[in-house]
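Got the viewer open? Load the model, switch to a cartoon view, and we'll walk through it one selection at a time.

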Amino acid sequence: MAGDTWIVVGAGDSDIEDFSLGTVYALNPENGATLWKRATDGVVIAPVTVANKLVYVSTTLGLLILDAASGDKLWDDGQRGPLYSQPVVADGTVYSTYVTGEVV
């Protein structure tokens, strides 16, 4: 997707036949085409963050990091707990807060 214009958004479940609770989409804003989509175990409530060719996703079960080009899952926090805040990336570090008040 290098050089292309695209947006990444999160939402609730995209397929009632699937057992996932949320979905992250990469979309072409010019025509609405889905470039990739990734099911998540938790619902995506907060906006996702794209930085350093990665997508940071807070879900109701924990934090995920996806490859921005493919949507492949690169890392998760082991479903540590619900996150309702948008992940913030600064100087190569990701910050997000769990509902318990802990900061990742």
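A nonpolar core here is a set of buried Ala, Val, Leu, Ile, Met, Phe, Trp, Tyr and Cys residues joined through side-chain atoms within 4.5 Å. Buried means under 20% relative accessible area, exposed means over 50%, and partly exposed is in between, using a 1.4 Å probe and protein chains only. This is a predicted model, in which local features need pLDDT of at least 70 and side-chain atom pairs count only at pLDDT 80 or more, while totals for chains, interfaces and linings use all residues. Residues are numbered from 1 along each chain as its sequence is written, and side-chain values use heavy atoms, with hydrogens and water left out.

**The whole chain**

Start with the cartoon. You should find nine strands and zero helices, giving the pattern β-β-β-β-β-β-β-β-β along the sequence. Helices (H or I, at least four residues) and strands (E, at least two) are DSSP runs, numbered from the N terminus. Of the 104 residues, 36% count as buried. Now turn on the surface: its accessible area is about 5,900 Å², with 52% belonging to carbon and sulfur atoms. Those areas come from the Shrake-Rupley method with a 1.4 Å probe, and for residues only the protein chains shown count as cover.

**Into the cores**

Select Val8, Val24, Ala26, Trp36, Val44, Val48, Val55, Val57, Leu64, Leu66 and Ala68, and show side chains: these eleven residues are the largest nonpolar core. Strands S2 (22-27), S5 (54-58) and S6 (63-67) each supply at least two residues of this core. Apart from it sits another core of seven residues, including Ala51, Tyr56, Ile65 and Leu83.

**Valine 44 and threonine 60**

Next, pick one member of the big core, valine 44. You'll find valine 44 in the loop between strand S3 (34-40) and S4. Is valine 44 buried or exposed? Valine 44 counts as buried because its relative accessible area is 6%. Contact means heavy atoms within 4.5 Å. Skipping neighbours within four places in sequence, valine 44 has contacts with Gly10, Ala11, Gly22, Thr23, Val24, Val57, Ser58 and Thr59.

Now add threonine 60, in the loop between S5 and S6. Draw a distance between the C-alpha atoms of threonine 60 and valine 44: they are 6.7 Å apart, with their positions 16 residues apart along the chain. Threonine 60 also counts as buried, with a relative accessible area of 19%. Its side chain reaches the backbone nitrogen of valine 43 at 2.9 Å. That is a polar contact: a pair of N or O atoms within 3.5 Å where, within protein, one must be able to donate a hydrogen and the other to accept it, and residues adjacent in sequence count only if both atoms are side-chain atoms. Leaving out residues up to four places away in sequence, threonine 60 touches Gly42, Val43, Ile45, Gly81, Pro82, Leu83 and Tyr84.

**Two more threonines**

Select threonine 40 in strand S3. It is buried, with a relative accessible area of 1%, and its side chain reaches the backbone oxygen of glycine 42 at 2.6 Å.

Then go to threonine 49, in strand S4 (residues 49-51). At 11% relative accessibility, threonine 49 counts as buried. Which side chain makes a polar contact with the side chain of threonine 49? Look for glutamine 86, at 3.2 Å. A polar atom of the threonine 49 side chain also lies 2.4 Å from the backbone oxygen of proline 87. Beyond four places in sequence, the contacts of threonine 49 are Leu54, Val55, Tyr56, Gln86, Pro87 and Val89.

**Two positive phi angles**

Check the backbone at asparagine 52, in the loop between S4 and S5. Its phi is positive, about 55°, although it is not a glycine. Asparagine 52 is exposed, at 56% relative accessible area. Glutamine 79 also has a positive phi, near 55°. You'll find glutamine 79 in the loop between strands S7 (73-76) and S8 (88-90), where it is partly exposed at 44%.

**Last stop: the surface**

Finish with Ile45, Tyr84 and Val99, a nonpolar surface patch with about 310 Å² of accessible area together. Patches are made of residues with over 30% relative accessible area and no salt bridge, with like charges joined within 9 Å and nonpolar side chains (Val, Leu, Ile, Met, Phe, Trp, Tyr) within 5 Å. A salt bridge is a side-chain nitrogen of Lys or Arg within 4 Å of a carboxyl oxygen of Asp or Glu. Within the patch, valine 99 lies in the segment after strand S9 (93-95) and is partly exposed, at 47% relative accessibility.
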